[in-house]
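Student: I should like to work through the helix packing of this model. May we begin with the structure itself?

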Amino acid sequence: MIGNLFTEKKRTSCPLSFEVFPPKKEDDFANAFAVMDALALLKPDFISVTYGAGGSKSKKTLEIASYIQNQLHIDALAHMTCVGSKREDIDAVAAQMEKEGLKHVLALRGDRPADMSDGQYEGRAFAHASDLIAYLKESTDLRMAGACYPEKHFEAKSLREDLEHLKVKCEAGAEFLITQLFFDNDSFLRFREAAAGAGITLPICAGIMPITTARQIGTTVSLSGSSVPKKMADMIATWADDPADLRKAGIEYAAEQIRGLKAEGVDGIHLYTMNRPKTAAEILALI
């Protein structure tokens, strides 16, 4: 079980995990499995799989997760969103997971679908990820992880309010937490201290994403809501016209973050790989 890692690994090193995403097109599945094979060679403790292209369907998520679990023999953590789901939808996904031998879920609310009316949104079966966690804990044998936000969730009025919601998620049955990506370790350390002060005792894996292209700032980073510290902004400005050097600098930045976090006794490192095994390998070589 993934949850056991955080006590077992403390004696040696903190757990290392990766995030991957399913391909958008069926034709890309062969390459996706090759990516998983390459990532497996880096010996992560578990691999999380996002909820389909754009958070759409679970089938691709479970297919990739099943390959990781049953062919590569690495614990798979399947993302599951609930904002547009009925209870029977969640039951069907959970039943398929059981059939595939998948045991772990990262429970998320997810983004509101563009075609979801105000009435549907207000009357949804699962208002929050904590509701999904509570439902899965009561109705399945799945083990749950939860998401957390070092710079607070964008909908929360304050970090204090966000931590109150996070505590509900923990009490509902989450066993460990994975953070949204961040680029300033001080943000994570302040959050960790505040979480402890709020009575949150679950292990917290730090989510690290290497920024290797200037385009990522305008897409992935802006969507995540994470702030860009001056050190990173200067790095991008310095190497914006030199893609090779920007990639190298981004890899070193991520490695430096991980080294610093490990020195502070982080519970785990969760690397957002963007399905790039070579980049992941280069980061790990520097830590």
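Student: Which residues in α4 are buried?

Tutor: The model is a predicted one. A residue counts as buried when its relative accessible area is under 20%. In α4, those that are buried are Ile90, Val93, Ala94 and Met97.

Student: How wide an arc around the axis do they cover, and on which side of α4 does that put them?

Tutor: In an α-helix there are 3.6 residues a turn, so residues three or four places apart point the same way. The buried residues of α4 are therefore on the same side of the helix, covering an arc of only 100 degrees around the axis.

Student: What covers the buried residues of α4?

Tutor: Here contact means heavy atoms within 4.5 Å. The elements that cover these buried residues include α3 (59–71), β3 (75–81), β4 and α6.

Student: Is Gly101 buried, partly exposed or exposed?

Tutor: Gly101 lies in the loop between α4 (87–100) and β4 (104–108), and just after α4 it takes a positive phi of about 75 degrees. Buried requires under 20% relative accessible area, and exposed over 50%. Because its relative accessibility is 28%, Gly101 is partly exposed.

Student: How are α6 and α7 oriented to each other?

Tutor: Helix α6 (residues 129–139) packs against helix α7 (residues 159–172) with axes 8 Å apart and an angle of about 5 degrees. Angles under 35 degrees count as roughly parallel. The two helices, α6 and α7, are therefore roughly parallel.

Student: Which residues in α7 do Ala129, Ser130, Ile133, Ala134 and Lys137 in α6 meet?

Tutor: The residues of this contact of α6 with α7 comprise 5 nonpolar, 1 polar and 2 charged. On the α7 side, the residues met are Val168, Lys169 and Ala172.

Technical notes:
Residues numbered from 1 in each chain as written. Predicted model: local features only at pLDDT ≥ 70, side-chain atom pairs only at ≥ 80, totals over all residues. Heavy atoms only, no water. Axes fitted to C-alpha atoms, helices over the stretch in contact; angles between N-to-C directions. Helix = DSSP H or I, 4+ residues; strand = E, 2+ residues; numbered from the N terminus. Parallel < 35°, antiparallel > 145°, perpendicular 65-115°, else oblique. Nonpolar A, V, L, I, M, F, W, Y, C, P; charged D, E, K, R; others polar. Buried < 20%, exposed > 50% of the residue type's maximum accessible area, 1.4 Å probe, protein only. Arc of directions from axis to C-beta.
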